[in-house]
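Please open the structure in your viewer and keep the selection tool at hand. The tour below proposes what to select at each stop and describes what is found there.

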Amino acid sequence: MIKWLESKFLKRTLDSEGVAVGNIHSETPHRRLLICLLRGILTFLAAYGTIGGLMEAMEIPYNRLLVAGYLLFFSLLCTVLYMRKIAFYIGYIIILIVYTIELAKYYYYANSGFQAITNIIYEKYSDFFNLLSIRQAQEFYADRYVTVTVALLFIGLFLILLLNVTISGYMNVFETVLITFPFLELALYIGKKPPIIFIGMVLITYISVGLMQFTKYSRMPIKGKNTKEYSRVFKKRENVYAYQGSFSGNVIAVCVAVIISAVVCFVSLPAYSTAEVNKFATNPVRSETDSLITRYIQTGFLGFFNKYQSKGGLSSGRLGGVSSVRPDFQTDLYVTFAPYSAQTVYLKAFEGSYYAINTFYEDAIKKDETGALEYFITHTQIDAIENKNIVDVGNRATMVVENVDADFTRNYLPYYPIEDSIKTDDKLIDKVNFYNDNTAPGQEYIVTFSPVVYNDYPVRDDKNLHYDQYKKYIETVCLQIPDELQEGITKHFDEMEDKSLRDAKESDYSDVNEYRQQMVNLIYQDYFTNFEYTMSPGSTPYSSDVVDYFINESRRGYCAHFASSAVMMLRAKGVPARYVEGYCVPIGIIEESGKIQPNLDIKDWYEGENTLGTDMQVVTVAVNDSYAHAWIEVYLEGYGFVPFEVTPPDFLEENDETLNIANLFNSIFANMNLNIETPDPATPTNNRNTFKKINFNLIKSMDLTLFAPVISVVAAGLIVIVGFALYCRIKQAIIDNLNMKSGNYKPFVYSRYVKILNKFSQKKIVANKNALPKELAEGLEKYIYSLPVDKIKYDSCEMIKAGYEFARITDFVLYSGEVPSAEEMETYREIVKRLGKV
Amino acid sequence: MKRHYFTMALYSIILIALSLAVYFYQQPFLLALLLPLYIFPMISVPLFIKNYGQIKVQVYSDSAYVEKGHAVPIRLVATNPSIYPFFRTEAAFTLRNQYFKETKLRKIAIALSPKHTEKMLIPIENGSIGMITFGLKYIELYDMLGFFSYKMEIDRDVNVPVLPVTREITELVPAPSYEGEEECVENSNKGMVSSDIKEIREYHEGDRLQRIHWKLSSKLDQLFVKEPENTAVLSIVLLPEFTKSKIEDTISTLLSIVNLLNKQENRFEVCVFNSQTFDFEYVMSTDEESLLNLFVVLYYKPLYEGESKAIDAYTMSGQKKASVIHILGDKFEIFED
């Protein structure tokens, strides 16, 4: 295609101008192979300088010799592919295919290694910015030495494929810096310094590439023998004809780069080794960068698009503005209580009644059609009314809550707190042994509450609740839906496969509470079947309502999306409901990390029915922000507001695979049905204790696990080389045969003449590279006579004769213009073979 | 010396940006990137100023002429005897086929390594006949950063004629010898040597080698030729018509006939008509040198629209008596005088 375009362009130029510039080249032999290899070395320096530098700086163990050797081999291989256009295309395709297959094969190793690297980097950043534990992606294999090495083989090759294009192809220093700079800066930003040799390696590449780019002749477009620069020039609309620079020119540029890099490294070594990066920002630019980095660490890339910041914890009714919730897993609350059943304990902190513009408000408002305020009641007034009429089945429980990092403006209360439940009793609190012995205590308080153990909600006399004001609150505010949302909810109901929710009518049920519970069930079933739980749903578009967007468009979200939408749908079905936020304490966390308080008497903490019997003990549970939650409360006649869980279980939440950048390999292969060897799920580990600083260990490097992918990919590389050589050979043979058949002997004779001449020139048989055929024969004669007899392994007389015959036929074909006979050409072929043995 | 302010400004911006980054972030790697940027100008500019005057450039063609379809091999030889690597050097040149308009200035990047002679082959593809002129205008040398450049004016032209592809002509009847009253035929003496010498005169371009008076020439260190008393008459005149639309075919036919006549050892002259001055120029073509001379004359003659201007003018002006072969396109016609 390119050739065709070039020929078209050439023809057009010739038609209009009569002349055109052909394929300009230096008279000095191109030594294209040497140029390729030189660039291969530059590619290696850039690739290993960045990867090795990062690993050394972050003190991540890996097999240095194996990785360095592998990168060097592939750097050279990939750059040599630039010898020919066809080799480049086929070679890259083969390498990419093998790369993909091998990656699929060693996916768990590579992924574990990648996770290990990111975990360590995150760890270092967490330490630097005092962020505590930010994330710990799952590693399938414990031996980081092996997994990191395997991952580096894949990452390194990918980097080489990119760098090869920017260095060998475009010779562009900006692109090269863009690819490599972030790796090293990742470590250097937090004061982790690699040995200066790695800085030197990268600098050599930058300066060399910069100089060669500046020359303009150093680009090496993939080109065949006869490809011209026309299309390139035409596209760029410039009249500078790039050609391949001489090898010496490239070497000079590299030499200059080496000298300057050495000077720079030498000069800056003392400062480099002693300089420390200040942990605390001393200027606003650094401070802002630090804040961006910490935001990235905590909320990921999508966090930059959040409408407000969220690091987990409560959103206080604000919905849809956060694309991804990234909890910092930092403890927000220490909760000490006596677990009484296997049910999750909910600690309520926020209840939203009035909904407008993607936000639930605590204070209840009702506006009339004109927008004027019709009704208003504050949440404290609502709480006051409700606290006087709690659900009380007679159980009494005590809970001590220490708020260390949650929203301090709120109280976190279990269901159902008795009136005036919140107290501060130093004596009781002092007895509690919290986890945070070494940290300053947070806000502590005691809550007395009446838990419902068997869901046996007692029917109450709701007379106190039937204040006009409260009744109005339930009948108006708790049924309020913004006008613009009505249509979206109706649309969702219509589009549901199961029409029972749409068609359900309160009048069909004898018991209104049954109807209300049934509505909750139907919504939950809808969620369970058609919706997906994710911590990274993406933020809601600015013009959209979060509920509308969630139920009709994205259908993926986290608890706040499920709860808020459920509230709106319930209200649409005439069920008074409200949105609640707080923390949940599931039995799992209690079993896993609950700290038993043996000194505390259970009688002081719980009285009443329970499902645990005599096993009851007082425990302190550290509740981090990943347990922040949203749920709903539905008003049941005679019972008040009863909590309901509407968020379906999250099957993928452990790893949050879809958008977690650390799970790069996971996301690549998530949808591929590959026969991948799955590691024993019983042995997942992320044990940091396995981390050991291991220097090169030859025995370990012989581990077949490491060598298998290397051998496979190296074999692929060798296949490319051999294939390319074969291709050239076959092509030459075909061309020769065609020429011979058509009686066009000149190209064949010329190519053999050049070949023999080059060979003799290398062996110093002829002094001049442009020797004439006769000089070649004379040189051969002299050479043979100069050799000791025992070293001559052929018939010297025959060889000398062959030399002169070769010269005669070459002269005859090339210079006389006459056509030799077929017999003569056969003789010529044999002579060429014979001369090849010299 | 030319100053490139834009490059300097760009470089300064990068320098300032990196310096600020170093100041704000205190990163050792940024410092390592910054240092070379300070070192480069200190090395590059003084060395450039010291060495730019040493560059030597030559341009020539490997071949005195080429056939149509074969590239003209122009050689550009640039020598850098200094130790300074001129990483960026550009040679600016123009190209022209005499029958087409002049093309725009082109540039080519040259690698001028220290103590190195760079020889480059610039093949000039041609699509039609004509005189191809490769005009090397100047060489521009840059320092390593592109802050300064020095333009070496050269303005040297290399002219190479592109000859048409010939064809086999067999139908041309050997022209009869003409015996005039004042001139005699020299057919019997192919060497054009006569024992009666009319005069000895200086050598002019186009004179036959056989007529050179070698003894005298070697004594006086100047070429002299012997003019025989009875000079042979030019029996055949080739008269090409410089019709614009048919020029390529005309020249091709002319060359084919010239080759044929030379092969038959016939004497002839090519009568070249200048349509602007209405002059005729007679050119002989017996060897390669005179053939090239013929094409130089041919290619510089103006083209015109008519198809019989030359023959009309020839007839009207009473030129030499001979068998005239009038050539137009791929056809030719013999007029016996």
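A residue is called buried when its relative accessible area is under 20%, and exposed when that area is over 50%. The model on display is a predicted one.

**First stop: helix H15**

Select residues 483–495 of chain A, which form helix H15. Which residues of this helix are buried? They are Leu485(A), Gly488(A), Ile489(A), His492(A) and Phe493(A). These residues lie on the same side of H15(A), because they cover an arc of only 140° around the axis. In general, an α-helix has 3.6 residues a turn, so residues three or four places apart point the same way. Now turn to the face directed away from the buried side: Asp483(A), Glu484(A) and Glu487(A) are the exposed residues there. To see what covers the buried residues, add further elements of chain A, including strand S6 (354–356), helix H17 (512–530) and helix H19 (559–572).

**Second stop: helices H2 and H3**

Next, select residues 32–57 (helix H2) and 64–80 (helix H3) of chain A. At what angle do these helices pack? The angle is about 145°, and the axes are 7 Å apart. The crossing of H2(A) and H3(A) is right-handed. Display the side chains at the contact: among them are Leu37(A), Ile41(A) and Phe44(A) from H2(A), and Val67(A), Leu71(A) and Leu72(A) from H3(A). The residues of this contact comprise 13 nonpolar, 4 polar and 3 charged.

**Third stop: Thr205**

Proceed to Thr205(A), which belongs to helix H8 (residues 196–215) of chain A. Is this residue buried or exposed? Thr205(A) has a relative accessible area of 0%, and it is therefore buried. Apart from neighbours within four places in sequence, Thr205(A) is in contact with Leu42(A), Leu45(A), Ala46(A), Ile167(A) and Thr176(A).

**Fourth stop: Ser712**

Select Ser712(A) in helix H23 (residues 704–741) of chain A. Ser712(A) counts as partly exposed because its relative accessibility is 23%. When residues up to four places away in sequence are set aside, Ser712(A) touches Val98(A) and Glu102(A). Add Tyr99(A) to the selection: its C-alpha atom is 9.2 Å from that of Ser712(A), although the two residues are 613 residues apart along the chain.

**Final stop: the whole chain**

Finally, display chain A in full, with its 27 helices and 20 strands. Of its 838 residues, 52% are buried. Among contacts between residues at least 6 apart in sequence, 78% join residues at least 24 apart. The accessible surface of chain A comes to about 38800 Å², and carbon and sulfur atoms account for 57% of this area.

Technical notes. Residues numbered from 1 in each chain as written. Chains lettered and ligands numbered in written order. Predicted model: local features only at pLDDT ≥ 70, side-chain atom pairs only at ≥ 80, totals over all residues. Heavy atoms only, no water. Axes fitted to C-alpha atoms, helices over the stretch in contact; angles between N-to-C directions. Helix = DSSP H or I, 4+ residues; strand = E, 2+ residues; numbered from the N terminus. Left-handed = near helix turned anticlockwise from the far one by under 90°. Contact = heavy atoms within 4.5 Å. Nonpolar A, V, L, I, M, F, W, Y, C, P; charged D, E, K, R; others polar. Buried < 20%, exposed > 50% of the residue type's maximum accessible area, 1.4 Å probe, protein only. Arc of directions from axis to C-beta. Areas by Shrake-Rupley, 256 points an atom, 1.4 Å probe, with all protein chains shown as cover.
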